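Here are my notes on this model, point by point. Please read them with the structure open.

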Amino acid sequence: MDALLDNVKATLGSVDILVCNVSALGAGNDLKAWDANITLDLLSTVRAVAKVLPWMKEAGSGNIIILSSIPGIEVGTTQPYAATKAALISYAKSLAVDHGPDGIRANSIAPGSIKFPGGTWDKAEKAGSDRYHNTLKKIPWGRFGRPEEVANVAVFLASDAASWVTGACIPVDGAQHRSNM
């Protein structure tokens, strides 16, 4: 990842926006699942931010967008996944507070169930999974979200139109989660 980010900076001259979107997909509640979620979801995000933060500070501006998930807002299906996604939301808020004086904004996005070809929900639908149908019933809009709906929020957060939005966690879930937060 360091080499990739160094290459981006060398090629483009700066890193103005960092979008962290990685997931171990939260399978299980055992120690292996905890390790996978913390290592992949949380620590890779922390490492990427640590790499670009000095560049953003030097530039006097930057925008960090961290993808979490609605289980980070309320109890999720697996403990490691939900706890790690909650940590990512907290981390984004902390970055916003700590680095606001540096001109750096940080926000998180909490997608709900997003369906795309070859993805988890696409495979579950094709398999006739009860989990697929039960999840679909819980989404008031009666459908799964699309990747471009999450991307649209990321584009907004990265834009000047969101210049005063920082420290926020924005659910993109068609009212799938039930928390007031």
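1. Status. This is a predicted model. Every value below is computed from that model.

2. The largest pocket. Start with the lining: 38 residues border the largest pocket. Nearest the centre of this pocket lie S69, Y81, G112, S113 and W121. The space inside comes to about 1,200 Å³.

3. Who supplies that lining. Five elements each give at least two residues to the lining of the largest pocket: α3 (79-99), β3, α4 (120-126), α5 (130-137) and α6. Helix α6 provides the largest share, with four residues. By class, 17 lining residues are nonpolar, 16 are polar and five are charged.

4. The second largest pocket. About 150 Å³ of space is found here. Its lining includes S113, I114, I139, W141, R143 and F144. G145, E149, V172, D173, G174 and Q176 are also among the lining residues. The classes split into five nonpolar, four polar and three charged. Note S113: this residue lines the second largest pocket and is also one of the residues nearest the centre of the largest pocket.

5. The sheet. Four strands form an open sheet in the order β1-β2-β3-β4, and the pairing is parallel. Why do β1 and β4 each have one side without a neighbour in the sheet? Strands β1 (17-20) and β4 (169-172) stand at the edges, and each has a single partner strand, so one side of each stays free of a neighbour in the sheet. From one strand to the next, the twist averages 20°.

6. The β2-β3 pair. Strand β2 covers residues 62-67 and strand β3 covers residues 104-111. The two run parallel and are joined by six bridges. For a register check, take I65: its bridge partner in β3 is N107.

7. Helix on the sheet. Helix α6 (residues 147-158) packs on the sheet. Which strands does α6 touch? The contacts reach β1, β2, β3 and β4. The direction of α6 makes about 165° with that of β3. Recall that α6 also gives four residues to the lining of the largest pocket.

8. Salt bridges. How many salt bridges does a search of the whole structure find? The search returns seven. One to inspect is D6 with K51, where the side chains meet at 3.0 Å, N to O. D6 sits in helix α1 (residues 2-12) and K51 in helix α2 (residues 31-59), so this pair ties together parts 45 residues apart in sequence.

Notes:
Residues numbered from 1 in each chain as written. Predicted model: local features only at pLDDT ≥ 70, side-chain atom pairs only at ≥ 80, totals over all residues. Heavy atoms only, no water. Pairing = 2+ DSSP bridges. Axes fitted to C-alpha atoms, helices over the stretch in contact; angles between N-to-C directions. Contact = heavy atoms within 4.5 Å. 1 Å grid on protein atoms, 1.4 Å probe; cavity = no way out; pocket = protein on both sides within 12 Å on 5 of 7 lines; lining within 4 Å. Points joined across faces, edges and corners; volume = space filled by probe spheres on them. Nonpolar A, V, L, I, M, F, W, Y, C, P; charged D, E, K, R; others polar. Salt bridge = Lys/Arg side-chain N within 4 Å of Asp/Glu carboxyl O.
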